[in-house]
Amino acid sequence: MKKMKIGALIVALLAVILFSMWKQLQQFAESPLAIGQETLFTLPAGTGREGLEKLLTEQQVITRGQWLPWLFYLEPALASFKAGTYRFMPGMKVREMLALLASGKEAQFPLRFVEGSRLRDWMEILRTAPYLKHTLEGKTPQDVAESLGLKDKNNPEGWFYPDTYLHTAGMSDKAILQRAHQRMEKMVNDVWQGRDEGLPYQTADELLIMASLIEKETAVSDERPLVASVFINRLRAGMKLQTDPTVIYGMGDSYSGVITRSALEAASPYNTYVIAGLPPTPIAMPGKASLEAAAHPAKTDYLYFVADGKGGHTFTTNLNDHNRAVKEYRSTQAAAGKEKHEQ
């Protein structure tokens, strides 16, 4: 009888100890991470349970790391963690953190490419992007085209859709450009199929070139179809487009904010003051609105436009009215400059 009582006491004591341990383990699992701000945590491939515990402890993500093996033992689903870079947030509990590692839902990083930007702008953004695998650094536009398999495009300018792209750590810059190109290719094809009849484009490439000119000429949504109408009317009339953004593009690195007279007279394939028709390639990455404007220009008699000094443009049908609008713009600019100087 005495042995039975001792045995019962031992069992009861073990039960109390086990319950106490279980309770502490649950408290550990439900405790918040020891971080005060958003934290990026990278789990290398091949890391085991002991390695994870060491990393979390060394990087001060958790305290009481000795409980981690016991938690894995009781909840083995939490031990099937996957390599990658994860985003931990303040207030996240240990169990939530382990569930995130087990889910494989890595942190995503945004890259924003704006409408009207150029390939060289994109390459700089990609070059400086953290957590991205850099494979195209120092590559020429032709190298980029070849890398992406764009064999018919020595200069892939314009063929990447501007938007915000998300990537995980270790994704390549090439993969980002491939996604952007696929989106632009689909967008151009869709717009091309639905274009107005009778437009002076032979190919979808020419529509994209026109869209890039529109994109660089105005950021005012309502003006895009009007700008498109000017360019369309000039093409139909056999007039040179005479648009400054093409000259600037052709100047390349020599452009310092001023278009020189020599640049306007230079025999560049992008100098639309010299060449007839469209330049050989797009000069920027147009957005959907500019593509739609190129495919559905307004029906006008406009042949000219000039900035109005208020963020928009004045559109005219003849040279006399255009010269008057230019004179008004210059007067507005001079007055604004004088006012700024007096202040």
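At what angle do the axes of α7 and helix α8 cross? They cross at roughly 100 degrees and come within 10 Å. Angles of 65 to 115 degrees count as roughly perpendicular, so α7 is roughly perpendicular to α8. This is a predicted model.

**α7 against α8**

Helix α8 covers residues 204-217. From α7, the contact uses Met-184, Val-188, Val-191 and Trp-192. From α8, Ala-204, Leu-207 and Leu-208 take part. The contact residues divide into seven nonpolar, no polar and no charged.

**α5 against α7**

Helix α7 spans residues 173-193. Its axis and that of α5 come within 10 Å. The crossing is at roughly 140 degrees. The two helices are therefore oblique to each other. The crossing of α5 past α7 is right-handed. On the α5 side, the contact residues are Trp-122, Met-123 and Leu-126. They meet Asp-173, Ile-176, Leu-177 and Ala-180 in α7. Here the split is six nonpolar, no polar and one charged.

**His-134**

Where does His-134 lie? His-134 sits in the loop between α5 (119-128) and α6 (141-147). Is the residue buried, partly exposed or exposed? His-134 counts as partly exposed because its relative accessibility is 34%, and the partly exposed class runs between 20% and 50%.

Leaving aside neighbours within four places in sequence, His-134 is in contact with Leu-126, Arg-127, Ala-129 and Asp-173. Two of these partners return from the helix pair above: Leu-126 belongs to the α5 side of that contact, and Asp-173 to the α7 side. Lys-174 is 40 residues from His-134 in sequence. In space, the C-alpha to C-alpha distance between His-134 and Lys-174 is 8.0 Å.

The His-134 side chain also pairs with backbone oxygens, those of Ala-129 and Leu-132.

**Thr-47**

Thr-47 is in another loop, between β1 (39-43) and α2 (49-58). Not counting residues up to four places away in sequence, Thr-47 touches Leu-52, Leu-55 and Phe-81. The side chain of Thr-47 reaches a backbone oxygen too, that of Pro-44.

The table lists the side-chain to backbone pairs of both loop residues.

| Side chain | Backbone oxygen | Distance |
|---|---|---|
| His-134 | Ala-129 | 3.2 Å |
| His-134 | Leu-132 | 3.2 Å |
| Thr-47 | Pro-44 | 2.7 Å |

Terms used. Residues are numbered from 1 along each chain as its sequence is written. This is a predicted model: local features need pLDDT of at least 70, side-chain atom pairs count only at pLDDT 80 or more; totals for chains, interfaces and linings use all residues. Side-chain values use heavy atoms; hydrogens and water are left out. Helices (H or I, at least four residues) and strands (E, at least two) are DSSP runs, numbered from the N terminus. Buried means under 20% relative accessible area, exposed over 50%, partly exposed in between (1.4 Å probe, protein chains only). Contact means heavy atoms within 4.5 Å. A polar contact is a pair of N or O atoms within 3.5 Å; within protein, one must be able to donate a hydrogen and the other to accept it, and residues adjacent in sequence count only if both atoms are side-chain atoms. Axes are lines fitted to C-alpha atoms, for helices over the stretch in contact, and angles run from 0 to 180 degrees between N-to-C directions. Angles under 35 degrees count as roughly parallel, over 145 as roughly antiparallel, 65 to 115 as roughly perpendicular and the rest as oblique. A crossing is left-handed if the near helix is turned anticlockwise from the far one by less than a right angle, and right-handed if clockwise. Ala, Val, Leu, Ile, Met, Phe, Trp, Tyr, Cys and Pro count as nonpolar, Asp, Glu, Lys and Arg as charged, and the others, Gly among them, as polar.
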